[in-house]
Structure formats: C-alpha cells, structure tokens
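Reader: I'd like a close look at one part of this thing: the charged pairs tucked away inside. Can you walk me through them, and then through whatever lies around them?

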Amino acid sequence: MMIWCWVFLLLAANLHLGWGHINGAGDQPLAKINILKASLALHNSAIVKARPFLLGLKGEDTQRVTVRFVNPNPPKDDWIGVFSPANFNSSTCPPVNDPKEQLPYICSAPIKYKYANDSISSYTKTGRGFLRFRLINQRADFSFALFSGGLSEPKLVAVSNFISFANPKAPLYPRLALGKYWNEMTVTWTSGYDIDEAAPFVEWGRKGDLQLRSPAGTLTFKRNSMCGSPARTVGWRDPGFIHTSFLKDLWPNVVYTYRMGHMSPNGSFVWSERYSFKSSPYPGQDSLQRVIIFGDMGKAERDGSNEYSDYQPGSLYTTDQIIRDLSNIDIVFHIGDITYANGYLSQWDQFTAQVEPIASAVPYMVASGNHERDWPNTGSFYDTKDSGGECGVPTETMFYVPADNRAKFWYSTDYGLFHFCIADSEHDWREGSEQYRFIEQCLASADRHKQPWLIFAAHRVLGYSSDKWYGLKGSFAEPMGRESLQKLWQKYKVDIAFYGHVHNYERTCPIYHNMCVNKERNHYSGVVNGTIHVVAGGGGAHLSEFSEVVPNWSLYRDYDWGFVKLTAFNHSSLLFEYKKSRDGKVYDSFTISRDYRDVLACVHDGCEATTLAS
C-alpha cells in the first residue's frame, strides 16, 4: 500500500488546489513530470554522454555542460532530465511494506529538463542531438537521463556518465541581511560542510584594515520537516547546511570586505571568493538612501530549461536590471513568493545562485508569501497547498530576517531615514491577533523626527488593488484585508504600503476608507492625511489581469514586470519611481516633500489626545 500512498501524493501535488496566485494558475514546471510512473526502456544503442567530467577547476560555481545523445527510435516528445545526486535508481525510494506492490524505479524529480529536439529540429529523423545545460554547484554529482514517452509517462532509455564539481561542498551563494541592530549585518550562505567536518566563519573588515573572524551558526532541515508532497516525496533534495554569521559594531556608511570560510580539524581552510558591502547609515542620518521593493519574482533558467510552462517569464528581466543598477541601490525587499519552488527543493539553490550578485552586495530582505508558507493544518491563515508542502521551513532557514521567531515571519527594521514594518500575510493579522499587536507596536515605535519615512509591506494585498479576481470578489483587496489595519495606517500616518501577490503594478492616491484625501498625482506635500498603496507584484511571475472597472482611487496601472525604487534625499524629500524590468526606464513617479510638523499634525482618526488643562 505504501506505493499507492506515494502515487496519490504525487497526483495531489500536480493538481492545482487553491489559488496559488491571483487569476492565472500555472504549474511549477517540474510538477509536470510524473516521475513515479517512469518505466525502464533501456536500449543498447541509445547513448548519452556529458562533458566535461569535472567542473569548477578554477573555482567556478557555475559551468556549462554539453550533453550529446543518440536514440535509434526518436519520438518527438523525448526529453533529457538532469538528476542530482546522479544516482536516481530505486535505492532512493522509500520501503514498500506490501510485497505485492512494485517499487517505482525513480522517486526523485530531476532538477531541470529540456526537450531533445530543442537544439536540432532534425532529431526525430536522425536520432542524434545535443543540448547545453548551465549547472550550478549543488553539493552533489550530476547525471543526464534520456526519456521517451513525454512527461506524463516517461520511459528511461539511457543514462549518461556522472559529472561533478571539483569541490561540491564549497561555501556559496552569500545572502546579506540587516541584523536586529542598525550597526549589524548578517551573512548567510550554503555549503556541504557539517560543523563536525569543518567550522564555519566569516573573515571580514574594512578594506586595508586588520581582518576579523566571526563564527557562524549552522542549520539544516530533513525530509520529515516538510509538511506534504512534493516537498516530502519526489521534490525532496538535501538542502545542505545553511550558515549565518553576525558582523557587529559596524561603522556607518563604510565599505567592508568579507569571505566565508570553513576550518577543518587539521587546521586547513576552504574559502569562498571575496565580496564587499556598505554598512547601514546611522538611524536618522541625512544621506542619499535608495531602496528597491518588489514581490513574486521567482527564478528562471538562463539555459532555457524548464521554461515550457512560461512560469516566471520576467524573473531574469528583474534580476538583471537590478544587477545593472546595483551601484545605485542600498537595500532590496523581496516581499513574498520568492522562488516558487512549490516543494521542489532543488530550486532554492537555483534561486540563491540567481540573486547572488545582488544579495552578496546589499541586504536582501524577504517576506513570507503563500508559495512559501501555506499548507493545510500547519498554522497558516490560508488553508491551501500553495507551498507544495514546504510550510515555510526552507524560507525560514535559507534567509535570515530580524524576527523574534522566524516561524512567525513578521519583523521591523531600520535603514537610515526609513522605518519598515514587514507583515506576514500568511498568519492572522486581524485585530486581537498576535501579529496585529506587533504591527501596531512597530508603527508606533517609529521616531518620525529621525526616520520620517514609514513603510508598511506584506505579501497579499491588505490594502487596495483593482486586480480582476479581487474585482470579481467585490473587495478590491484581500477579503478582510484592510478592515482592521486601515485605522493603524491612518493613526500612525504610514507613508506607503506595499504588496505583492497580484502580478502587476498599481498605485493609489493617498487614501482612507476608500476615499482619496489628496487630488494630486505626482507631488505630495504637507500633512500626511492618507496612505498611498502600491502593488509591486510584477517581479517575474506570469502577469495578472486587471478588472475592467477602474476605481477612482487607482492612479496608475501597468500590466508588465517591474519594481519600485525609493530614494530618500533627506528628512524632507522622497522620490518614488516605478521601473519596468524590460528596460529599466521610469514609467510612474511621484515626490513627497514635507516638514516634521506635517507628520505631527492632527488628521481624521489620527490625532493625539489633548487636554484643556493649562
């Protein structure tokens, strides 16, 4: 009976259960492969060869591989799957208790795939072809398998030789994040070294100064930490070891260099390459500060693998545009739906490799979305299967955030003139909840004299959106979204509230209770009498349609991929820009200028108590 349980779990993983994102489903590409139904059809004349045998001889963590193959009977739906670890036979399958049941031959999904005729259209006539794959170091060896029968009924025809990186355990893919204090930076990275094998640390310091060494903590997670399929079944892949080091007592606005290291018991070292970052400004410091905000980016393959479902077509546009402008960026917020791994754990390595040029240089702060957290009966507010069984565990482990409890993914953080309150829309935010108390405390704690720019962010649209699905619901937001929170935004005079989840861009007027409180479109000054709500969910996933109804509070809508850039020039002047990921040009913008007294001023439902006593 065990095998039927596994087959059922796989089928459930392939069904679209619940709204993974707004209006427009789309499957994780690896979920299209019914790997448990793979059968043996090995052919003596079929050949698959991969070259080179050994990768990363010069320390590279990425390399292209050429795979040549021959199939004497080539149907048009042949495909090549990349497996890592390379050995994917039935020895990796769970035990079957009933001797009458046949063990499946393959129980782990490939990490990527391409159709055999992608490079040579004559493949179905000649039976010969080649493909080029871009591999990253993922702590294990690789093999390439030729399948017939398409993705639904794969038949294994031939398997290649094994290839690997020279040091598969190397420390890789650093992710910076702000610590709990303004003068603290955290470095998180992935390796194949357990602490018993080599002690992790970061060597760091000001350029040209004596270098310090800070130890790192080490975390990992196992298959039984996953809540369901495919994360617990065909999507499972060992995540390696995730290390985090805290670099403390940093000087403000100073460039530091760093590298990750592992020291073995015999005193030898393994080093990463050297990176650098600029430390945070002192809270309230007048200086140029630039913030990027977007959601729902996901990942994509630079070699074209897995792209047949058009799952995250704009992901590389956004990634590359931010990389091009990195010298003009200080911090990034990715507000949920991070990888869209949806239970296929290999994709987390792929994502951290994709954003490494960004995350290794500036703090890469994340929020939790439905594709990270949601799974039935696990404490998520939404009872859907959008996380593919991950139930938040990879996100909480792979990325550091300055939360008191990372299983409750809400937190506050400061950056110079900004105070950020990051909510977790996948946990209850309604009045009376633990998170509601956090949100009010976070907003109330902002010292608006030092940090005039108060920003709220969450994954789901808790404010305003004229998305098609929300329009059909009649709420023009997440149901119950703003009922409790709008009085907090008003009371504490939140400047801008950001959301993802809806895969497009939209900006509202300054608004309170569905009413615009300012008629301006491009420049705002004076008293803060309403919050501007922005959907910035066009980071890369396939786009969401707008409602045909355009509410009067919707000032700008764009059906394209893009991101927001905030530039604080000083305590009184802020620039907002929406840029398309395709070309990096500004398509929507506004400015805010005001004095401290404007923040203190009494507004409707936002007045401090007064007394007639003298």
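Author: Let's start with one pair: Lys-112 is buried, and so is Glu-301. Keep in mind that this is a predicted model, so every value here is computed from it. Lys-112 and Glu-301 form a salt bridge, and their closest N and O atoms sit 3.0 Å apart. In sequence terms the two come from distant parts of the chain, 189 residues apart. Lys-112 belongs to strand E6 (residues 112-115), while Glu-301 is in the loop that runs between strand E19 (289-294) and helix H3 (315-324). If you scan the whole structure, this is one of 29 salt bridges.

Next up is Glu-426, which forms a salt bridge with Arg-460 at 3.1 Å between the closest N and O atoms. Here both ends sit in loops: Glu-426 between strand E23 (418-422) and helix H8 (434-444), Arg-460 between strand E24 (453-458) and helix H9 (468-473), so this contact ties together parts of the chain 34 residues apart in sequence. Glu-426 is buried, and Arg-460 is buried too.

Then there's Asp-558 with Lys-580, a salt bridge whose closest N and O atoms are 2.7 Å apart. This one goes from strand to strand: Asp-558 is in strand E30 (residues 554-558) and Lys-580 in strand E32 (residues 573-580), so the pair ties together parts 22 residues apart in sequence. Once again both partners, Asp-558 and Lys-580, are buried.

Back to where we began, because salt bridges with shared partners join Lys-112 and Glu-301 to Lys-299 and Asp-303 in one network.

Lys-299 also takes us to the empty spaces, since Lys-299 is among the residues that line the second largest cavity. That cavity has a volume of about 80 Å³. Other residues on its wall include Gln-28, Pro-29, Glu-307, Tyr-311 and Gln-347. Sorted by type, the lining comes out as four nonpolar, five polar and two charged residues.

The count of cavities of 30 Å³ or more comes to seven. The largest has a volume of about 150 Å³. Its lining is made up of 13 residues, with Tyr-524, Val-527, Val-528, Gly-530 and Arg-594 nearest the centre. By type, the lining of the largest cavity splits into six nonpolar, five polar and two charged residues.

One more acidic residue for your list is Asp-374, in the loop between helix H6 (370-373) and helix H7 (393-398). Its relative accessible area is 0%, so Asp-374 counts as buried. As for reach across the fold, the C-alpha atoms of Asp-374 and Val-534 are 23 Å apart, with the two positions 160 residues apart along the chain.

For contrast, take a look at the outside. Phe-53, Leu-54 and Leu-57 make a nonpolar patch on the surface, and together they have about 320 Å² of accessible area. Phe-53 is found in the loop between strand E2 (47-51) and strand E3 (54-55). Its relative accessible area is 45%, so Phe-53 counts as partly exposed.

Key: Residues numbered from 1 in each chain as written. Predicted model: local features only at pLDDT ≥ 70, side-chain atom pairs only at ≥ 80, totals over all residues. Heavy atoms only, no water. Salt bridge = Lys/Arg side-chain N within 4 Å of Asp/Glu carboxyl O. Helix = DSSP H or I, 4+ residues; strand = E, 2+ residues; numbered from the N terminus. Buried < 20%, exposed > 50% of the residue type's maximum accessible area, 1.4 Å probe, protein only. 1 Å grid on protein atoms, 1.4 Å probe; cavity = no way out; pocket = protein on both sides within 12 Å on 5 of 7 lines; lining within 4 Å. Points joined across faces, edges and corners; volume = space filled by probe spheres on them. Nonpolar A, V, L, I, M, F, W, Y, C, P; charged D, E, K, R; others polar. Patch = residues over 30% accessible without salt bridge, like charges linked within 9 Å, V, L, I, M, F, W, Y side chains within 5 Å. Areas by Shrake-Rupley, 256 points an atom, 1.4 Å probe, with all protein chains shown as cover.
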